[in-house]
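Visitor: I should like a close look at a single part of this structure. Please begin with one residue and its partner, and build the picture outward from there.

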Amino acid sequence: MTRRVVIVGGVACGAKTASRLMRVCADAQVTVLEKGDWVSYAGCGLPYYVGGVVSEYRQLAGTALGVMRDAAYFRGVKGVEVLTRHMATRIDRANRILRATDLNTGEERTFPYDALVLATGASPIRPPIPGVDSGRVYTLWTMPDALAMRDAVDSGTVRNAVIVGAGLVGMEMVESLVNRGIRVSVVDALATPLPAVFDGEFGLRLKKCMERHDVEFHGGEKVLEIECEGGTAKSVRTDARTLPSDMVLLSVGVRPNTALAKDAGLELGARGAIAVDERMRTSDPYIYAGGDCAETVNFLTGKRVWQPMGSTANRQGRVIADAIAGLPAMFRGVQGTGILKFFELTAGKTGLTDAEVLEAGLDPVAVTVVGGDIPHFMPGAGSLTMRLSCERKSRRVLGLQLLGNGRGDKRLDAAVNAIASGMTVDDLADADLAYAPPFSTALDMLTHAANALRNKLDGLMPSYSATELAAKFERGETPLLLDVRTAPELDAQGRLPYDSVHIPLGQLRNRAGELPKDREIVTFCKVSIRGWDALCILRHLGFERVAVLEGGVMGWPYSLR
């Protein structure tokens, strides 16, 4: 018997569900309703189209061979009926009928189903401030959004742009606009960029990168008004300043599109997204939901979360299709993975940040390390700053944050698998990672991070993060800072903003008598590898209160002198 499957939404989760279902369920009759004109396009590529990295919009909505993924493509290649400009309006759960409006004709249509899939996505938030509906005030969530922004940029009349919100989309658009010769300012209500992704230290490092590229970041400010002239944005007024702007991008977040589900009486989660089980079924066993409209679980904490990501939507679409086909798939959950290219930097995170670990009620131990992605003697060598965390008692790996101009993506993905498989920091340190000089150091940066964390866990290397050390000084505590770099490094690399004693590492054994044994000493160097050596030397000489500044001067996110 033919199974009638109706899917509402045809971009990420919806298109993936339809494609997978036709591969594994021979008796499925699949119809996709999409309220817009576009289906199955790469929404995460929109910033790169606006910035000109992707030259043609068709590349985002086509296959690698250049075939457009439109209704004709889905009908001919997939055997799926795609109806664009069809707005789903009501679910008759008792009779299993979906009602929709053909937006071209106004005709009301009915679609009986044996299984209904809600992949209705999310919508960008437009804050209720004066001027928000003026010309050249954009959100960037759909293909029409990107086409409009690209037209404005291509016109050559945009000299200044203001981005409201320093989340992933906003930060991706910073680079895209700067590369088009536009001066960019970013305003966010929180103090550092990407506050939902990174702890404050990594946000400060991103802020430094913005300054290097002449991008103004105004954290801790509230936008009060978009001032207009002739119906078009001309400036953005915050509670601290007025910023000139020929274009405004609103990037303050999104909300799940759940009106259809709510009106049908389906259960919603605490974050307002549709509640689903591990097979993506809603509170109605004949209705499934996935993508940006549905909630999921963080499998590290067991808590229900909402993570609107294209990767998540595609993974969930496959699970939905398999569930409908009777295959034994389930969606395990998410662990908060994200990555961003930001000018010369790679910024990424997986698992839990320090703040999220504490919020989850876990007892964390974390360490920050700085080092090279490949040996210093290889052309193109870059650096990475990593913060690796684990649970104290079980030693289970909980999270990794990284930032730098080195190759961070493969380290992030290795950490994803370490966390997902429940590896301990000892397992990670012993992982047989690939090594050859063009690809990594003999002990990879991720291995170094795991070893440093083991040293800290085992009491061999007491240490402070930059935030922890700065907090000590703010509380009036004054540990003695021991700088073991060479003299030429001091001015070349900068100095910490606190008084310190300078003894190069090679002289420390002979000059250790100059240091007090009744005062805490914090050692450091460029990246604190020599700081670790200095700690070991002092301990062997009878010094008991010694710690290392994690990441050294290169890992210091605050101002240097």
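Guide: Asparagine 160 stands opposite arginine 183 in strand β11. The chain travels from β10 through helix α5 (residues 168-178) to β11, a β-α-β crossover that is right-handed, meaning that the path from the first strand over the helix to the second runs clockwise when the strands point away from the viewer. This is a predicted model, in which local features need pLDDT of at least 70 and side-chain atom pairs count only at pLDDT 80 or more, while totals for chains, interfaces and linings use all residues. Residues are numbered from 1 along each chain as its sequence is written, and side-chain values use heavy atoms, with hydrogens and water left out. Helices (H or I, at least four residues) and strands (E, at least two) are DSSP runs, numbered from the N terminus.

Strand β10 (residues 160-164) pairs with β11 (residues 183-188) in the parallel sense over 5 bridges; pairing requires that DSSP find at least two bridges between the strands. β10 also runs parallel to strand β16 (residues 247-250), to which 4 bridges join it. There, isoleucine 163 has leucine 249 of β16 as its bridge partner. Because 4 of the 5 residues of β10 are buried, this strand is largely enclosed by the rest of the structure. Buried means under 20% relative accessible area, exposed over 50% and partly exposed in between, with a 1.4 Å probe and protein chains only.

An antiparallel arrangement occurs further along the chain, where β21 (residues 338-342) and β22 (residues 345-351) pair over 5 bridges. Glycine 338 faces lysine 349 of β22. In the hairpin of these strands, with 2 residues between them, phenylalanine 343 adopts a positive phi near 55°. In a regular strand, side chains alternate between the two faces of the sheet. Along β21, Gly338, Leu340 and Phe342 point to one face and are buried, whereas Ile339 and Lys341 point to the other and are not.

Aromatic contacts come next. Rings of Phe, Tyr and Trp (its six-membered ring) pair if their centres lie within 6.5 Å; planes under 30 degrees apart count as stacked, over 60 as edge-to-face and the rest as tilted. The count comes to 7 aromatic pairs. Tyrosine 73 and phenylalanine 74 have ring centres 5.5 Å apart and planes at 90°, so this pair is edge-to-face; both residues are buried. Phenylalanine 473 and tyrosine 498 have centres 3.9 Å apart and planes at 5°, so they are stacked. That pair links distant parts of the chain, 25 residues apart: phenylalanine 473 belongs to helix α13 (residues 466-474), and tyrosine 498 to the loop between α14 (487-493) and β28 (500-502). Phenylalanine 473 is buried, with a relative accessible area of 18%. Ring pairs also bring Trp556 and Tyr558 into a cluster with Phe473 and Tyr498.

A charge sits over a ring if NZ of Lys or CZ of Arg is within 6 Å of the ring centre and within 35 degrees of the ring normal. Arginine 205 places its charged end over the ring of phenylalanine 202, 4.8 Å from the centre. Arginine 332 lies over the face of phenylalanine 299, at 4.1 Å from the ring centre.

Finally, the cysteines. With a disulfide taken as a pair of cysteine sulfur atoms within 2.5 Å, the count comes to 0 disulfides. The closest cysteine sulfur to that of cysteine 44 is in cysteine 13, 14 Å away and therefore too far for a bond.
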